[in-house]
Amino acid sequence: MTAVAAAAGISEAYALRLFSGKLGLFLAAVEACYERILATLEAAAEQAPDKDPEKLLYRLGGAYAELIADKNLLLLQVHAQSVSDVPEIKAAVQHGYKRLVAFLRTAGADDRQIQQFIAYGQLCHLIVTTGLDEVDESWATALTFGMRHP
């Protein structure tokens, strides 16, 4: 909270009041995270020359891989999922995924394609957070096979 207040040029007490405490600040960060993800995917979809769902999802996967190169964004998602036993955080994460699935459906993806897209995204989280793409062993190669990361 101290760092957020300092970055905003306000007192910590005022920052706490603005966000109704640390939980409120965290929820705002989670919501902003999913908003950034959606905005990135929407922009990639708009620029896609081919609207075929398979090709479009491949392009969106590349845009997402570029996005999670920002480890702060990635770690926020991972952290939010890890503390989703807190009802407000669970609701925020579920709402983020609800919006993501709705967007993917409007892009023409079916449920199987959506599930696979999300599953690969979670695998990307594992690869990036644990540095698996830098591990030259067969078990790591099995997990990173065919995955692309900046």
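**Helix packing in an all-helical predicted model**

The buried residues of helix α7 pack against α3, α4, α5, α6 and α8 (138-144). In this predicted model, the residues of α7 that count as buried are Gln113, Ile114, Phe117, Gly121, Cys124, His125, Ile127 and Val128. Helix α7 itself comprises 20 residues, and the distance from its first C-alpha to its last is 29 Å, close to the 28 Å expected at 1.5 Å a residue.

The setting of this helix is a protein with 8 helices and 0 strands. From the N terminus on, the order of elements is accordingly written α-α-α-α-α-α-α-α. The C-alpha trace spans about 50 × 40 × 30 Å along its principal axes. Of the 150 residues in the protein, 35% count as buried. With regard to contacts between residues at least 6 apart in sequence, 58% join residues that are at least 24 apart.

Helix α3 was examined next. This helix covers residues 22-47, and its 26 residues should span 38 Å at 1.5 Å a residue; the end C-alpha atoms are 38 Å apart, which agrees. The buried residues of α3 are Leu25, Phe26, Leu27, Val30, Cys33, Tyr34, Ile37, Leu38, Leu41, Ala44 and Ala45. Among the elements that cover these buried residues are α1 (2-8), α4 (53-67), α5, α6 (87-106) and α7.

The nonpolar interior gives a further view of this arrangement. The largest nonpolar core contains 35 residues, and those with the most contacts inside it are Val30, Ile37, Leu41, Leu60, Val93, Phe103 and Leu104. At least two residues of this core come from each of α3, α4, α5, α6 and α7. The greatest contribution is that of α3, which gives 10 residues. For Val93, one of the residues with the most contacts inside the core, the partners can be listed individually. When neighbours within four places in sequence are left aside, Val93 is in contact with Val30, Tyr34, Ala80 and Gln81. Of these partners, Val30 and Tyr34 are among the buried residues of α3.

The pairing of α5 with α7 was then considered. Helix α5 (residues 71-82) and helix α7 (residues 111-130) pack at an angle of about 115°, and their axes are 11 Å apart. The crossing in which α5 passes α7 is left-handed. On the side of α5, the contact is made by Lys71, Leu74, Leu75, Gln77, Val78 and Gln81, and on the side of α7 by Gln122, His125, Val128 and Thr129. By type, the residues of this contact divide into 4 nonpolar, 5 polar and 1 charged.

One polar participant in this contact merits separate description. Gln77 is found in helix α5. Its relative accessible area is 3%, and Gln77 is therefore buried, the cut-off being under 20%. Apart from its neighbours within four places in sequence, Gln77 is in contact with Cys33, Ile37, Tyr64, Ile68 and His125. Two of these partners, Cys33 and Ile37, belong to the buried set of α3, while His125 belongs to the buried set of α7.

A second buried position occurs towards the C-terminal part of the chain. Ala140 lies in helix α8. Its relative accessibility is 0%, so Ala140 counts as buried. Ala140 and Ile127 are separated by 13 residues in sequence and by 8.8 Å in space, C-alpha to C-alpha. Ile127 is one of the buried residues of α7. With neighbours within four places in sequence left aside, the contacts of Ala140 are with Leu132 and Val135.

Two exposed residues provide a contrast to these buried positions. Tyr58 is found in helix α4. Because exposed means over 50%, Tyr58 is exposed, with a relative accessible area of 54%. The C-alpha atoms of Tyr58 and Phe117 are separated by 8.7 Å, although the two residues are 59 residues apart along the chain. Phe117, unlike Tyr58, is listed among the buried residues of its helix, α7.

The other exposed residue is Ser20, which lies in the loop between α2 (12-18) and α3. At a relative accessibility of 67%, Ser20 counts as exposed. The backbone at this position is also noted, since phi of Ser20 is near 55°, a positive value in a residue other than glycine.

Terms used
Residues numbered from 1 in each chain as written. Predicted model: local features only at pLDDT ≥ 70, side-chain atom pairs only at ≥ 80, totals over all residues. Heavy atoms only, no water. Axes fitted to C-alpha atoms, helices over the stretch in contact; angles between N-to-C directions. Helix = DSSP H or I, 4+ residues; strand = E, 2+ residues; numbered from the N terminus. Left-handed = near helix turned anticlockwise from the far one by under 90°. Contact = heavy atoms within 4.5 Å. Nonpolar A, V, L, I, M, F, W, Y, C, P; charged D, E, K, R; others polar. Expected span 1.5 Å × (residues − 1). Buried < 20%, exposed > 50% of the residue type's maximum accessible area, 1.4 Å probe, protein only. Core = buried A, V, L, I, M, F, W, Y, C linked by side-chain atoms within 4.5 Å.
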